[in-house]
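The following questions ask how the labels given to a model are justified. Each answer sets a computed value against its criterion.

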Amino acid sequence: MRILLSKIRAFNSAEHNQNRRAVKATLILVPLLGLQNLLTLVKPPLDDEANFYWGLVSAILTSFQGAAVSLIFCFFNGEVTALVRKSIVGISRDLLEGLSRRGRLV
(Lines give C-alpha, C1' and ligand atoms only; values in the text may rest on other atoms or scores of the structure.)
Protein backbone atom coordinates (compact mmCIF):
# COMPACT_ATOMS: atom_id res chain seq x y z
CA MET A 1 0.00 0.00 0.00
CA ARG A 2 2.87 2.35 0.79
CA ILE A 3 4.33 1.77 -2.67
CA LEU A 4 1.00 2.53 -4.32
CA LEU A 5 0.59 5.74 -2.35
CA SER A 6 4.11 6.86 -3.19
CA LYS A 7 3.44 6.21 -6.87
CA ILE A 8 0.33 8.39 -6.70
CA ARG A 9 2.49 11.35 -5.79
CA ALA A 10 4.53 10.92 -8.99
CA PHE A 11 4.62 13.81 -11.44
CA ASN A 12 3.81 11.90 -14.64
CA SER A 13 0.07 12.35 -15.17
CA ALA A 14 -0.55 9.18 -17.23
CA GLU A 15 1.23 7.07 -14.66
CA HIS A 16 -0.50 9.05 -11.93
CA ASN A 17 -3.96 8.17 -13.27
CA GLN A 18 -3.04 4.52 -13.70
CA ASN A 19 -1.76 4.28 -10.12
CA ARG A 20 -4.82 6.07 -8.79
CA ARG A 21 -7.02 3.49 -10.54
CA ALA A 22 -4.94 0.69 -9.05
CA VAL A 23 -5.37 2.07 -5.53
CA LYS A 24 -9.09 2.51 -6.11
CA ALA A 25 -9.39 -1.08 -7.32
CA THR A 26 -7.46 -2.30 -4.29
CA LEU A 27 -9.71 -0.40 -1.89
CA ILE A 28 -12.83 -1.68 -3.66
CA LEU A 29 -11.68 -5.25 -3.11
CA VAL A 30 -11.42 -4.79 0.67
CA PRO A 31 -15.11 -5.48 1.48
CA LEU A 32 -15.37 -8.07 -1.27
CA LEU A 33 -12.60 -10.21 0.18
CA GLY A 34 -13.70 -9.68 3.77
CA LEU A 35 -10.53 -7.94 4.85
CA GLN A 36 -12.48 -6.13 7.56
CA ASN A 37 -12.08 -9.39 9.49
CA LEU A 38 -8.42 -8.48 9.97
CA LEU A 39 -9.58 -5.83 12.41
CA THR A 40 -11.25 -8.43 14.60
CA LEU A 41 -8.86 -11.32 14.00
CA VAL A 42 -6.83 -10.89 17.16
CA LYS A 43 -8.86 -10.12 20.25
CA PRO A 44 -6.94 -8.44 23.06
CA PRO A 45 -7.62 -9.53 26.65
CA LEU A 46 -10.67 -7.54 27.74
CA ASP A 47 -13.05 -7.38 30.67
CA ASP A 48 -16.70 -8.46 30.28
CA GLU A 49 -18.10 -5.12 29.15
CA ALA A 50 -15.30 -4.47 26.63
CA ASN A 51 -15.64 -8.05 25.40
CA PHE A 52 -19.34 -7.41 24.72
CA TYR A 53 -18.57 -4.30 22.67
CA TRP A 54 -15.76 -6.07 20.82
CA GLY A 55 -18.21 -8.80 19.79
CA LEU A 56 -20.80 -6.20 18.82
CA VAL A 57 -18.37 -4.30 16.56
CA SER A 58 -17.19 -7.58 15.03
CA ALA A 59 -20.77 -8.64 14.29
CA ILE A 60 -21.62 -5.26 12.76
CA LEU A 61 -18.56 -5.28 10.49
CA THR A 62 -19.27 -8.83 9.35
CA SER A 63 -22.98 -8.16 8.81
CA PHE A 64 -22.47 -5.08 6.68
CA GLN A 65 -19.98 -6.74 4.34
CA GLY A 66 -22.74 -7.69 1.90
CA ALA A 67 -24.23 -4.20 2.03
CA ALA A 68 -20.85 -2.63 1.31
CA VAL A 69 -20.24 -4.96 -1.63
CA SER A 70 -23.69 -4.31 -3.09
CA LEU A 71 -23.30 -0.54 -2.72
CA ILE A 72 -19.89 -0.49 -4.36
CA PHE A 73 -20.51 -2.91 -7.20
CA CYS A 74 -24.19 -2.24 -7.89
CA PHE A 75 -25.49 1.10 -6.73
CA PHE A 76 -22.35 3.21 -7.19
CA ASN A 77 -21.78 1.80 -10.68
CA GLY A 78 -22.11 4.54 -13.31
CA GLU A 79 -24.29 2.48 -15.65
CA VAL A 80 -26.67 1.50 -12.87
CA THR A 81 -27.04 5.05 -11.55
CA ALA A 82 -27.70 6.32 -15.08
CA LEU A 83 -30.46 3.72 -15.58
CA VAL A 84 -32.01 4.48 -12.20
CA ARG A 85 -32.05 8.21 -12.99
CA LYS A 86 -33.59 7.50 -16.40
CA SER A 87 -36.29 5.34 -14.81
CA ILE A 88 -37.08 7.95 -12.15
CA VAL A 89 -37.35 10.70 -14.74
CA GLY A 90 -39.61 8.53 -16.91
CA ILE A 91 -41.86 7.57 -14.01
CA SER A 92 -42.15 11.15 -12.78
CA ARG A 93 -42.89 12.38 -16.31
CA ASP A 94 -45.61 9.75 -16.75
CA LEU A 95 -47.06 10.62 -13.36
CA LEU A 96 -47.16 14.33 -14.17
CA GLU A 97 -48.74 13.67 -17.58
CA GLY A 98 -51.38 11.45 -15.98
CA LEU A 99 -52.23 14.10 -13.40
CA SER A 100 -52.42 16.85 -16.01
CA ARG A 101 -54.82 14.79 -18.15
CA ARG A 102 -57.18 14.41 -15.21
CA GLY A 103 -57.12 18.15 -14.62
CA ARG A 104 -55.59 17.92 -11.20
CA LEU A 105 -52.46 19.76 -12.18
CA VAL A 106 -52.57 23.29 -13.50
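Q: What mean pLDDT does the protein have, and where is confidence lowest and highest?
A: This is a predicted model; its mean pLDDT is 77, and 78% of the residues reach 70 or more. Confidence is lowest in helix 1 (residues 2-8), with a mean of 63, and highest in helix 5 (residues 78-101), with a mean of 87.

Q: What pattern does the protein follow along the sequence?
A: The pattern reads α-α-α-α-α, with five helices and zero strands.

Q: Why is F52 called exposed?
A: Exposed requires over 50% relative accessible area. F52 has 54% and is therefore exposed.

Q: Why does Y53 count as partly exposed?
A: The partly exposed class lies between the buried limit of 20% and the exposed limit of 50%. Y53 has a relative accessible area of 44%, so Y53 falls in that class.

Q: What makes F52 and Y53 an aromatic pair, and why is the pair called edge-to-face?
A: The count of aromatic pairs comes to one. The ring centres of F52 and Y53 are 5.3 Å apart, with 70° between the planes. Centres must lie within 6.5 Å, and planes over 60 degrees apart count as edge-to-face, so both criteria are met.

Q: Which residues make the nonpolar surface patch that includes L56, and how do you know that L56 is accessible enough to belong?
A: The patch is made by F52, Y53, L56, I60 and F64, and has an area of about 530 Å². Membership requires over 30% relative accessible area. L56, which lies in helix 3 (residues 48-63), has 39% and therefore passes that cut-off; at this value L56 counts as partly exposed.

Q: How many of the residues count as buried, and what is the accessible surface of the protein?
A: Of the 106 residues, 10% count as buried, a label that requires under 20% relative accessible area. The accessible surface comes to about 8900 Å², of which 65% belongs to carbon and sulfur atoms.

Technical notes. Residues numbered from 1 in each chain as written. Predicted model: local features only at pLDDT ≥ 70, side-chain atom pairs only at ≥ 80, totals over all residues. Heavy atoms only, no water. Helix = DSSP H or I, 4+ residues; strand = E, 2+ residues; numbered from the N terminus. Buried < 20%, exposed > 50% of the residue type's maximum accessible area, 1.4 Å probe, protein only. Areas by Shrake-Rupley, 256 points an atom, 1.4 Å probe, with all protein chains shown as cover. Phe/Tyr/Trp six-rings, centres within 6.5 Å; stacked < 30°, edge-to-face > 60°. Patch = residues over 30% accessible without salt bridge, like charges linked within 9 Å, V, L, I, M, F, W, Y side chains within 5 Å. Salt bridge = Lys/Arg side-chain N within 4 Å of Asp/Glu carboxyl O. pLDDT = per-residue confidence, 0-100.
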